[in-house]
Amino acid sequence: MPVYKISELYDLSKTLAAPLFDGLTYPWQALGGIADFILALGPTLPAARFAQAAPDVWIAKSATVAPSASITGPCIIDEEAEVRHCAFIRGSAIVGKNAVVGNSTEVKNAVLFDGVQVPHFNYVGDSILGHKAHLGAGVVTTNVKSDKSLVVVKAPDEQIETGRKKVGLLAGDFVEVGCNSALCPGCVLGRGASVYPVSHVRGQVPHGAIYKTHSDIVLRE
């Protein structure tokens, strides 16, 4: 069963970015609107709970941000989030409640739902990670094809043109990705899917499935 749709992948009550997805069917359709959404939402955030730390950067007062972190707007960091030593947030990024952006992790044009953890040496670009998704140490999203052609989201019986040159990982709620894995452009991981460490993942992994190799994907019993 295809797992491409926003309604299948995400609990939109677990992100302040929920209105970004209004009227959309597929998550990659939201990627082009992240920056404008932040610029519209940021000034409306309650001053009692959020501070504007820099131009187009709003950080919750309950969030923890390391002095060594680099944050470029537009960006919103929600309540109780943690941005650790030498994290690099390049802009057009929403970091959800209780999320973790860790040591030497780079985030760019991405939505991290509440509780997401990208804690160690990760790259998250042009991606949307659902509630409590977790990337192990060294996991990277690849968001551009080697031939620079437009990204196509693939499944065994279907291919969908995204119309975008850059699409990274579209991970549903509660996804787990093992250390040092690489997710190819337009990779879709269904809710609750798991990926073995040191994997190279293309296409789609069904909801609740365990990705061992490209030819060995099993459903949890």
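How many aromatic pairs does the count come to? In this predicted model, the count comes to five aromatic pairs, where two rings are taken to pair if their centres lie within 6.5 Å. One of the pairs is formed by Phe21 and Phe113, whose ring centres are 6.1 Å apart. Because the planes of these two rings stand at 55°, and a pair is classed as stacked under 30 degrees and as edge-to-face over 60, the pair of Phe21 and Phe113 is tilted. Phe21 is placed in the loop between α1 (6-9) and α2 (34-41), whereas Phe113 is placed in the loop between β10 (106-112) and β11 (117-120), so the pair ties together parts that are 92 residues apart in sequence. Both partners fall under the 20% limit for burial: Phe21 is buried, at 3% relative accessibility, and Phe113 is buried as well, at 0%. Elsewhere among the aromatic residues, Tyr4, Tyr26 and Trp28 are linked by ring pairs into a cluster.

Several features of the backbone were found in loops. The peptide bond that leads from Gly73 to Pro74 is cis, its omega being near 0°, and Pro74 belongs to the loop between β4 (70-71) and β5 (75-77). A positive phi in a residue other than glycine occurs at Lys148, where the angle is near 65°; Lys148 is located in the loop between β14 (140-141) and β15 (152-155), and its relative accessible area of 49% makes it partly exposed. Phe174, also a residue other than glycine, likewise has a positive phi near 65°. The loop that holds Phe174 runs between β17 (169-171) and β18 (176-177), and Phe174 is counted as partly exposed because its relative accessibility, 46%, is neither under 20% nor over 50%.

The strand that follows the loop of Lys148, β15, pairs with strand β16 (residues 158-161) in the antiparallel sense, over four bridges. Within this pairing, Val152 has Glu161 of β16 as its bridge partner, and the connection from β15 to β16 is a hairpin of two residues.

With regard to the interior, the largest nonpolar core comprises 67 residues, and those with the most contacts inside it are Ile77, Ile128, Leu129 and Leu189. When neighbours within four places in sequence are left aside, the residues in contact with Leu189 include Leu9, Leu169, Leu170, Val175, Val177, Leu183, Val195, Val201 and Val205, as well as Ala171 and Gly172. Cys187 lies in strand β20 (residues 187-189) and is buried, with 0% relative accessibility. Apart from residues up to four places away in sequence, Cys187 touches Gly168, Leu169, Leu170, Val201 and Gly203; Leu169, Leu170 and Val201 are thus in contact with Cys187 and with Leu189. By contrast, the C-alpha atoms of Cys187 and Asp114 are separated by 21 Å, and the two residues stand 73 residues apart along the chain.

Burial is found in a loop position at Ser199 as well, which is situated between β21 (194-195) and β22 (200-201). Its relative accessible area is 7%, under the 20% limit, and Ser199 is therefore buried. Leaving aside neighbours within four places in sequence, Ser199 makes contact with Asn180, Ser181 and Ala182, and also with Tyr211 and Lys212.

Note on methods: Residues are numbered from 1 along each chain as its sequence is written. This is a predicted model: local features need pLDDT of at least 70, side-chain atom pairs count only at pLDDT 80 or more; totals for chains, interfaces and linings use all residues. Side-chain values use heavy atoms; hydrogens and water are left out. Rings of Phe, Tyr and Trp (its six-membered ring) pair if their centres lie within 6.5 Å; planes under 30 degrees apart count as stacked, over 60 as edge-to-face and the rest as tilted. Buried means under 20% relative accessible area, exposed over 50%, partly exposed in between (1.4 Å probe, protein chains only). Contact means heavy atoms within 4.5 Å. A nonpolar core is a set of buried Ala, Val, Leu, Ile, Met, Phe, Trp, Tyr and Cys residues joined through side-chain atoms within 4.5 Å. Two strands pair if DSSP finds at least two bridges between them.
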